[in-house]
Number of protein chains: 2
Amino acid sequence: MRINAHALSLASTLHRSGKNPLYRSKTLTPLSFSTMAATTASSTHPPAAAAGAPAAPAGNVVSSAASREAFRQSVVNTLERRLFYIPSFKIYRGVAGLYDYGPPGCAVKSNVLSFWRQHFVLEEGMLEVDCPCVTPEVVLKASGHVDKFTDLMVKDEKTGTCYRADHLLKDHCKDKLEKNANLTPEKVAELNHVMATLDDMSTEQLGAKIKEYGIKAPETNNQLSDPYPFNLMFQTSIGPTGLNTGYMRPETAQGIFVNFKDLYYYNGNKLPFAAAQIGQAFRNEISPRQGLLRVREFTLAEIEHFVDPEDKSHPKFSDVADLKFLMFPREEQLTGQSSKTLRLGDAVSNGTINNETLGYFIGRVYLFLTRLGIEKDRLRFRQHLPNEMAHYAADCWDAEIECSYGWIECVGIADRSAYDLKAHTEKSGVALVAAEKFAEPREVEKLVITPSKKDLGLAFKGNQKMVLEALDAMSEVEALEMKSKLESNGEAEFQVCTLNKTVTITNKMVSISKEKKKEHQRVFTPSVIEPSFGIGRIIYCLYEHCFYTRAGKTEDEQLNVFGFPSLVAPIKCTVFPLVKNEQFDAVARDISKALTASGISHIIDVTGTSIGKRYARTDEIGVPLAVTVDSTTTVTIRERDSKAQVRVKITEVASIVKRFVEGHSTWGDIQWDYPANHGTDENVPEENA
Amino acid sequence: MRINAHALSLASTLHRSGKNPLYRSKTLTPLSFSTMAATTASSTHPPAAAAGAPAAPAGNVVSSAASREAFRQSVVNTLERRLFYIPSFKIYRGVAGLYDYGPPGCAVKSNVLSFWRQHFVLEEGMLEVDCPCVTPEVVLKASGHVDKFTDLMVKDEKTGTCYRADHLLKDHCKDKLEKNANLTPEKVAELNHVMATLDDMSTEQLGAKIKEYGIKAPETNNQLSDPYPFNLMFQTSIGPTGLNTGYMRPETAQGIFVNFKDLYYYNGNKLPFAAAQIGQAFRNEISPRQGLLRVREFTLAEIEHFVDPEDKSHPKFSDVADLKFLMFPREEQLTGQSSKTLRLGDAVSNGTINNETLGYFIGRVYLFLTRLGIEKDRLRFRQHLPNEMAHYAADCWDAEIECSYGWIECVGIADRSAYDLKAHTEKSGVALVAAEKFAEPREVEKLVITPSKKDLGLAFKGNQKMVLEALDAMSEVEALEMKSKLESNGEAEFQVCTLNKTVTITNKMVSISKEKKKEHQRVFTPSVIEPSFGIGRIIYCLYEHCFYTRAGKTEDEQLNVFGFPSLVAPIKCTVFPLVKNEQFDAVARDISKALTASGISHIIDVTGTSIGKRYARTDEIGVPLAVTVDSTTTVTIRERDSKAQVRVKITEVASIVKRFVEGHSTWGDIQWDYPANHGTDENVPEENA
């Protein structure tokens with residue numbers, strides 16, 4: 001829904017429903033730092049990876065608000081200075097909530113998406129589709145977005161400036177609690193209660209609280225309007241007439257749902273199957289906060305796994321059943337406990353996780369995120385509480401990653417039952433269903449209602465049609481009840497909604513019987529299990545998890561390092577001629593050609609800068625390997641995290657680098673195969689020259 | 001610009017300018033089929049690739065309008081039936097000009113984009129960026145899109161239905177020419193002239209012609225409104241106030257231009273460098289035609305190569321200089337000749353192509369397209385005529401690909417000079433410039449204008465400021481002229497625009513002299529060379545070029561084949577157990593696992609269908625290799641175009657397939673290494689079983 005929680009919740013994806021107030025997602029633990037913070041934050045230590053694979057840099061767990069803020073500042077400064085991202089349209093003073101990915105950020109994103117395709121689409125044989133962002137109104141009417149995809153807004157009555165109503169109320173409560181030491185215990189409890197229940201407040205309740213507390217517009221102290229819903233979709237018009245309203249999609253999922261029929265056919269009319277889509281989604285935030293975490297345009301990667309609701313087992317579940325990781329089930333949240341490490345197979349078998357397929361995806365998401373470089377102990381799977389879930393959802397879990405903003409929802413994994421396909425079936429009139437063909441026809445008992453038009457006509461004249469329709473629409477329970485009344489009394493009272501009155505039905509007017517029929521198939525609306533990935537959020541958390549600092553030449557000088565796994569590193573390798581010299585430059589060019597031929601992204605740095613500075617410069621954008629040309633026959637390769645070096649023949653460079661960045665050799669393997677070049681100590685001349 | 005040409009011109013990318021009527025692109029040879037059409041079209045022959053690498057299927061050149069139409073229908077039917085694409089939101093009756101890529105189409109697109117990244121971004125060390133689609137008005141005001149990105153529209157005065165004015169006029173002329181055999185030669189000439197000059201007509205001229213010919217609304221025969229410009233951008237509003245107009249970007253280029261300063265810094269303040277971007281662009285067409293070629297949302301891949309206007313040489317030009325391919329220079333177009341094969345090096349050295357950098361990119365685009373599978377003799381580079389180019393452009397070439405719609409502009413390669421950076425410098429006030437540092441300071445002569453404020457004050461009193469500013473703003477020519485008049489006459493007449501009158505300046509009031517100064521650098525606005533790729537158009541043309549049919553079991557049965565190069569094939573390999581059998585299924589699963597581990601996209605088809613049908617099914621989506629499991633030790637691999645088979649050990653399958661699809665082995669190499677399995681004849685049982 002709108003409030004507090006909203007500030008931390010992923011994309012629109014996670015907030016679909018046709019029905020308020022269930023149209024929401026809520027994070028009950030915003031900004032609450034895990035109690036597992038064990039090390040201090042200000043100096044993060046480099047990994048000791050000299051002898052083996054470069055370990056992921058140790059956890060940058062930060063313990064206090066101030067050090068969190070300081071840590072975030074140094075990450076963000078590095079990101080912005082090295083153009084991982086750029087505030088969009090900066091020369092025009094930018095637009096809140098819009099960011100560009102600069103060259104290294106763009107490469108990281110491209111690597112993350114490639115790995116996503118490999119890990120999900122290719123390995124699971126998913127059907128990938130690519131649908132437009134411009135979406136006609138009817139589709140988003142069916143999905144519920146046109147009516148319910150809103151935040152509550154208030155306006156400064158004089159200037160017209162807009163605010164999120166919940167933000168103002170929350171800020172007011174926080175401010176009061178922080179600045180007034182002499183509040184009564186009752187007042188403290190009240191303010192805390194307001195903050196805790198922001199999500200459940202109606203428009204009227206929120207408005208009343210704002211009035212009661214006398215909250216004014218922050219900048220001007222002017223009066224505020226009553227809160228009213230603001231739809232978060234960017235609206236536009238399709239075609240030249242101005243009559244066809246369209247929206248920029250708030251999620252990619254709807255493009256998959258409307259194609260269900262074709263995709264089911266493509267899959268040979270067989271379930272289960274999954275469709276996937278990567279693409280831009282849009283959300284016209286009222287006032288974007290939290291930098292890269294809450295933006296107005298973002299990349300989503302979504303999977304819709306369609307499954308028979310009567311069989312949610314998964315053939316590959318055993319592949320992930322033994323994984324153990326942090327889970328935060330409903331029960332633990334409601335009883336004030338913390339998250340705990342559980343075996344996935346147990347969580348499914350004891351019913352904590354609703355079904356195998358949902359569990360399988362939770363496991364695959366865990367593998368995806370940790371292989372990208374997300375730290376295992378700063379990743380948890382949190383189950384939605386009953387009041388966070390839409391009424392139709394069977395079970396929902398969020399992959400939350402801890403960063404300096406707290407635990408951030410980065411992937412939502414929801415069993416949405418048949419809701420979406422049913423909504424589009426209803427609106428479009430096209431049956432989005434699957435069929436299970438029986439090996440042999442099955443005999444089933446069906447209730448048959450046979451009205452006598454003649455008798456109904458005589459009794460109800462012009463109202464006959466409405467009575468007929470109402471009889472047809474009876475549920476099995478209602479019909480059986482009528483049947484027994486007709487048998488015992490010869491007549492039954494019957495409520496006809498469309499006539500707004502009760503009529504008397506006699507046993508001449510209708511016969512109700514049970515008949516046996518042969519059925520050749522079972523037709524049903526599939527359930528959908530939806531893992532939905534906020535790519536930008538995952539990348540931002542990855543930046544924080546991979547970032548560390550280490551001492552430079554002097555103890556005062558702190559050097560920044562992004563310890564990216566090779567998989568995501570924006571550039572895999574740099575090539576440095578040690579000194580400016582035509583021979584070395586020629587060797588560097590030859591190595592560059594060989595790397596290009598192997599498809600290894602790399603840069604040559606021929607600036608005359610000291611080698612130490614050049615290493616530092618590439619460490620700061622997370623380049624795993626640096627090749628330094630210091631002779632015309634052999635060169636050194638230096639690993640980023642350990643700073644250890646080996647000496648190799650020029651002709652071997654490309655294949656060694658390729659094996660390492662593709663994960664076929666560890667740095668330990670390479671050190672075993674090739675002689676070390678100096679030590680790994682910080683004082684070797686090469687490093688600090 | 002708007003008319004006829006517009007129907008064939010690529011994306012907005014190619015139509016930027018601040019100035020009408022130069023804001024346009026024009027294709028002078030729409031739908032004119034090349035005279036080189038040599039073979040008949042209806043039956044296209046399979047390649048004879050048995051002994052070597054599978055050759056690209058021979059040219060599907062079609063000679064008549066009817067056979068072109070028939071050919072297109074069979075391609076499009078196959079594409080739609082196999083879900084290469086799907087009309088978007090089909091269950092809601094769709095939206096004109098919006099298409100989804102279904103699973104195989106999405107895979108082809110992803111392969112094309114990966115190769116684009118490899119071929120351009122990686123090999124040329126480009127800086128890739130990723131900017132939002134939502135763009136604030138100020139940016140597109142500066143670029144000229146807000147004012148000039150329009151088509152002329154007329155409305156049915158009763159129903160409000162909208163039409164492209166030029167379409168109606170063109171259709172009218174065509175219709176008249178086709179249906180009236182007894183037109184006078186004068187009338188025929190007139191109608192042809194109108195069609196040829198549609199692009200150059202003003203709003204008024206177009207309106208007058210529509211009136212003169214009495215053209216009515218096609219469906220209703222109602223009166224039409226006068227033509228008026230309709231802006232083709234999708235408009236929206238950013239943020240909740242409704243005061244900040246935004247648009248969905250009509251091209252990705254502007255995101256690069258506004259980041260020039262940061263990117264230049266990122267590149268070490270050195271020129272040349274190129275930035276690149278892949279992303280969605282939007283164009284709210286009045287009435288989309290031509291299926292997949294003219295859509296309302298499309299993927300662009302754009303490069304902006306920034307270069308010193310005084311040095312447009314390219315260090316790698318020699319790599320492409322020897323390429324020979326079809327070019328259609330201005331001269332040949334104006335003199336009614338056809339395109340001809342030229343050596344790229346010659347075209348640059350004799351000035352046909354303006355400079356080396358532009359030539360280099362033309363060569364790289366040629367390599368890109370032909371490696372994707374575009375036929376060499378159905379690809380030409382056409383130079384823009386003087387009246388097609390914007391006034392600032394130095395030279396423009398379009399890569400045009402011939403398909404059933406005619407020659408289609410798929411890539412535009414333009415030397416846009418400094419226009420874009422200057423436009424944003426002016427609007428934003430941020431100098432988007434580069435500097436060439438001199439090794440040694442250079443002495444330059446500069447004109448110095450020194451006014452005497454005292455004398456000016458005495459003479460002009462309150463107007464002194466305006467006169468001062470006007471003196472300061474004099475050009476070098478004006479100043480030198482004044483200097484000589486002051487020296488000869490002691491005074492000079494001087495027009496002060498801000499005063500709207502001429503004043504007399506005496507030699508006491510101003511001294512004008514030339515002084516020598518030392519300069520340490522030259523500051524200038526870089527030129528930009530822009531290759532811009534319409535990815536969807538390239539893919540559509542690729543479909544047509546790769547499609548062929550061959551006889552099935554009977555001569556009457558025509559089987560469809562997409563002869564995609566491995567690089568773009570949506571799926572690289574299929575695995576078929578010959579008969580339903582647990583042992584064969586287990587082998588197929590093992591092979592599948594090995595293929596997954598090698599990153600090879602593949603599918604297993606375990607349906608009981610005959611092997612011939614399964615081959616045909618995968619040929620139709622262009623799968624290059626099929627592995628048939630017919631024993632538990634060895635299997636056959638069949639190549640799509642030659643239908644030849646080899647027998648290999650199960651453990652070798654993945655590595656053989658990988659080598660082939662990555663281009664390290666040809667099919668000929670594989671046939672050399674492994675024993676053939678039966679012949680390649682169509683009558684072998686395996687093929688037609």
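The exercises below, each with a worked solution, concern a predicted model of chains A and B.

**Exercise 1. The interface**

Task: Describe the contact between chain A and chain B by its residues, its buried area and the classes of residue on the side of chain A.

Solution:
- Step 1. Start with the residues: 70 of chain A are in contact with 69 of chain B.
- Step 2. Turn to the area. The size of an interface is often given as the accessible area lost when the parts come together. Between chain A and chain B the buried area is about 5900 Å². Carbon and sulfur atoms give 66% of that area.
- Step 3. Count the polar links. There are 20 residue pairs in polar contact between chain A and chain B, both residues being at pLDDT 80 or more.
- Step 4. Assign the touching side of chain A to its elements. At least two residues each come from β2 (99-101), α2 (103-122), β3 (127-128), β4 (134-136), α3 (137-142), β8 (235-237), α9 (260-266) and α13 (419-428) of chain A. The largest share, eight residues, is supplied by α2(A).
- Step 5. Sort by class. The side of chain A that touches chain B has 38 nonpolar, 19 polar and 13 charged residues.

**Exercise 2. Salt bridges**

Task: Find the number of salt bridges between the chains and in the whole structure, and examine one example of each kind.

Solution:
- Step 1. Recall the principle: side chains of opposite charge can pair when their charged atoms come close.
- Step 2. Count between the chains: chain A and chain B share four salt bridges.
- Step 3. Take one pair across the interface. Lys90(A) and Asp262(B) form a salt bridge, and their closest N and O atoms are 2.7 Å apart. This separation meets the cut-off, which is 4 Å.
- Step 4. Count over all chains: the structure holds 92 salt bridges.
- Step 5. Take a pair inside chain A. Glu310(A) forms a salt bridge with Arg522(A), with 3.2 Å between the closest N and O atoms. Arg522(A) is in strand β20 (residues 510-524) of chain A and Glu310(A) is in the loop between β11 and β12 of chain A, so the pair ties together parts 212 residues apart in sequence.

**Exercise 3. Two sheets of chain A**

Task: Give the strand order of the five-strand and nine-strand sheets of chain A, and identify a helix that packs on each.

Solution:
- Step 1. Order the five strands. They form an open sheet, β25-β24-β26-β27-β28 of chain A, with mixed pairing. Its edge strands, β25 (602-604) and β28 (645-649) of chain A, each pair on one side only. From one strand to the next the twist averages 25°.
- Step 2. Look at one pairing. Strands β26 (residues 625-629) and β27 (residues 634-639) of chain A are antiparallel, over four bridges. Opposite Val627(A) stands Ile637(A) of β27(A).
- Step 3. Add the helix. Helix α18 (residues 582-597) of chain A lies across β24 (573-577), β25, β26 and β27 of chain A, at about 165° to β24(A).
- Step 4. Order the nine strands. This open sheet of chain A reads β3-β10-β11-β21-β16-β15-β14-β12-β13, again with mixed pairing. The edge strands are β3 and β13 (340-343) of chain A.
- Step 5. Add the helix here too. Helix α12 (residues 356-372) of chain A packs on the sheet, and the strands it touches include β11 (297-307), β12 (324-328) and β14 of chain A. The direction of α12 makes about 145° with that of β16(A).
- Step 6. Inspect a pairing within this sheet. Strands β14 (residues 379-383) and β15 (residues 395-403) of chain A pair in the antiparallel sense over five bridges. Gln383(A) has Trp397(A), in β15(A), as its bridge partner.

**Exercise 4. Backbone exceptions**

Task: Locate the cis peptide bonds before Pro272(A) and Pro272(B), and place the positive phi of Leu83(B).

Solution:
- Step 1. State the background: most residues other than glycine have a negative phi, and most peptide bonds are trans.
- Step 2. In chain A, the bond from Leu271(A) to Pro272(A) is cis, with omega near -10°. Pro272(A) lies in the loop between α9 and β10 (273-282) of chain A.
- Step 3. In chain B, Leu271(B) and Pro272(B) are joined by a cis bond with omega about -10°. Pro272(B) sits in the loop between α10 (260-266) and β10 (273-282) of chain B.
- Step 4. Leu83(B) is not a glycine, yet its phi is positive, about 60°. Leu83(B) is in the loop between α2 (65-81) and β1 (85-87) of chain B.

How values were computed: Residues are numbered from 1 along each chain as its sequence is written. Chains are lettered from A and ligands numbered from 1 in the order in which they are written. Side-chain values use heavy atoms; hydrogens and water are left out. Contact means heavy atoms within 4.5 Å. Buried area is the accessible area (1.4 Å probe) that two parts lose on being put together, summed over both. A salt bridge is a side-chain nitrogen of Lys or Arg within 4 Å of a carboxyl oxygen of Asp or Glu. A polar contact is a pair of N or O atoms within 3.5 Å; within protein, one must be able to donate a hydrogen and the other to accept it, and residues adjacent in sequence count only if both atoms are side-chain atoms. Ala, Val, Leu, Ile, Met, Phe, Trp, Tyr, Cys and Pro count as nonpolar, Asp, Glu, Lys and Arg as charged, and the others, Gly among them, as polar. Two strands pair if DSSP finds at least two bridges between them. Axes are lines fitted to C-alpha atoms, for helices over the stretch in contact, and angles run from 0 to 180 degrees between N-to-C directions.
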